[in-house]
Amino acid sequence: LSPPPADDTPLRSLPLLAVDVETTGLDPRADHLLSIGFVPVDGYQVQLAGAGQALVRQTSAVGDSARFHGLTDDALARGDALKDALDATLAAMCGRVLLAHHAAIEVGFLNQACEQVYGVAGQFTVVDTMALQFGLLSQGFDDEPPQGSLRLWNARGQFGLPRYAAHEALTDALACAELYLAQVAELESVRPLTLKALLKR
């Protein structure tokens with residue numbers, strides 16, 4: 001497997017994989033991973049040809065969480081085995097940085113899946129667009145971003161990006177990728193940056 005990019009990789013050539021997961025809740029130890037969507041980003045370009053999505057086969061009902069993600073028990077019953085969905089995601093992530101909005105959710109569920117399938121947690125280099133947005137909105141000493149401004153759709157709105165239907169893994173991964181490119185354009189308005197500058201945020 002290819003190692004993740006070095007910290008001194010310029011953003012103009014940085015390979016990332018924007019990832020979003022849909023789940024039955026927020027606790028990786030208690031809740032279930034339902035779907036994974038991903039979209040590659042190479043430097044300043046989204047690579048739609050490499051995008052993918054997998055539904056994870058479930059043997060139990062998704063319950064009230066269906067109100068948020070819209071995934072039905074019937075659809076999930078026809079989904080992929082967890083190992084197959086995880087293998088496809090990790091293959092796409094090979095040599096790339098994991099990009100996500102509020103990345104603790106994606107990292108938590110992917111780590112739990114890796115432990116369940118392979119017996120070890122994943123090792124990911126992570127860039128979090130929510131953390132980047134916090135930095136962009138908190139330039140002063142005591143600045144606090146306005147309430148709700150760090151949410152994915154509100155952050156996109158601050159850059160004039162369109163609003164998509166939420167809670168669909170592939171769409172949300174694309175939305176994260178587009179937000180990242182807008183953020184990088186602002187962050188690099190003074191000088192070119194490397195991966196290291198994003199990892200400090």
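# Exercises on charged pairs, cores and helix 3

A search of the whole structure, which is a predicted model, finds four salt bridges.

**Exercise 1.** Determine which parts of the chain are joined by the salt bridge between glutamate 115 and arginine 29.

*Solution.*
Step 1. In the pair formed by glutamate 115 and arginine 29, the closest N and O atoms are 3.2 Å apart, and the cut-off for a salt bridge is 4 Å.
Step 2. Glutamate 115 belongs to helix 4 (residues 104–118), whereas arginine 29 sits in the loop between strand 1 (15–23) and strand 2 (33–42); the pair therefore ties together parts that are 86 residues apart in sequence.
Step 3. Glutamate 115 is partly exposed, its relative accessible area being 30%. Arginine 29 counts as exposed, at 61% relative accessibility.

**Exercise 2.** Locate the partners of the salt bridge between arginine 96 and aspartate 42, and state how accessible each residue is.

*Solution.*
Step 1. The closest N and O atoms of arginine 96 and aspartate 42 are 2.7 Å apart.
Step 2. Distant parts of the chain are linked by this pair: arginine 96 is in the loop between helix 3 (82–93) and strand 5 (97–100), aspartate 42 is in strand 2, and the two are 54 residues apart.
Step 3. Arginine 96 is buried, with 18% relative accessible area, while aspartate 42 is partly exposed at 30%.

**Exercise 3.** Examine aspartate 172 and arginine 156, and establish which residue forms a salt bridge with arginine 156.

*Solution.*
Step 1. Aspartate 172 is placed in helix 7 (residues 169–187). Aspartate 172 is buried but has no salt bridge; arginine 156, the nearest side chain of opposite charge, is 8.2 Å away.
Step 2. That distance of 8.2 Å is to be set against the salt-bridge cut-off of 4 Å.
Step 3. Arginine 156 forms a salt bridge with glutamate 178, with the closest N and O atoms 2.9 Å apart. This pair links glutamate 178 in helix 7 to arginine 156 in helix 6 (residues 152–158), 22 residues apart. Arginine 156 is buried, with a relative accessible area of 0%.
Step 4. Beyond four places away in sequence, the residues that aspartate 172 touches include Asp20, Glu22, Trp153 and His167.

**Exercise 4.** Identify the elements that contribute two or more residues to the largest nonpolar core.

*Solution.*
Step 1. The largest nonpolar core has 22 residues, and those with the most contacts inside it are Val19, Leu33, Ile36, Met93, Leu98 and Leu110.
Step 2. Two or more residues of this core come from each of strand 1, strand 2, helix 3, strand 5 and helix 4.
Step 3. Among the residues touched by isoleucine 36 are Val19, Val21, Ala85, Thr89 and Leu110.
Step 4. A second, separate core has 19 residues, including Leu14, Val41, Leu132 and Leu193.

**Exercise 5.** Decide how the buried residues of helix 3 are arranged around its axis.

*Solution.*
Step 1. The twelve residues of helix 3 should span 16 Å at 1.5 Å a residue; the end C-alpha atoms are 16 Å apart, which agrees.
Step 2. Leu82, Ala85, Leu86, Thr89, Ala92 and Met93 are buried in helix 3. These residues cover an arc of only 130 degrees around the axis, so they lie on the same side of helix 3.
Step 3. The buried residues of helix 3 are covered by elements including strand 1, strand 2, strand 4 (52–55), strand 5 and helix 4.
Step 4. Glycine 95, just after helix 3, takes a positive phi of about 75 degrees.

Definitions and conventions:
Residues are numbered from 1 along each chain as its sequence is written. This is a predicted model: local features need pLDDT of at least 70, side-chain atom pairs count only at pLDDT 80 or more; totals for chains, interfaces and linings use all residues. Side-chain values use heavy atoms; hydrogens and water are left out. Helices (H or I, at least four residues) and strands (E, at least two) are DSSP runs, numbered from the N terminus. Buried means under 20% relative accessible area, exposed over 50%, partly exposed in between (1.4 Å probe, protein chains only). Lys and Arg count as positive and Asp and Glu as negative; His and the chain ends are not counted. Contact means heavy atoms within 4.5 Å. A nonpolar core is a set of buried Ala, Val, Leu, Ile, Met, Phe, Trp, Tyr and Cys residues joined through side-chain atoms within 4.5 Å. The expected span of a helix is 1.5 Å times one less than its number of residues. The arc is that of the directions from the helix axis to the C-beta atoms.
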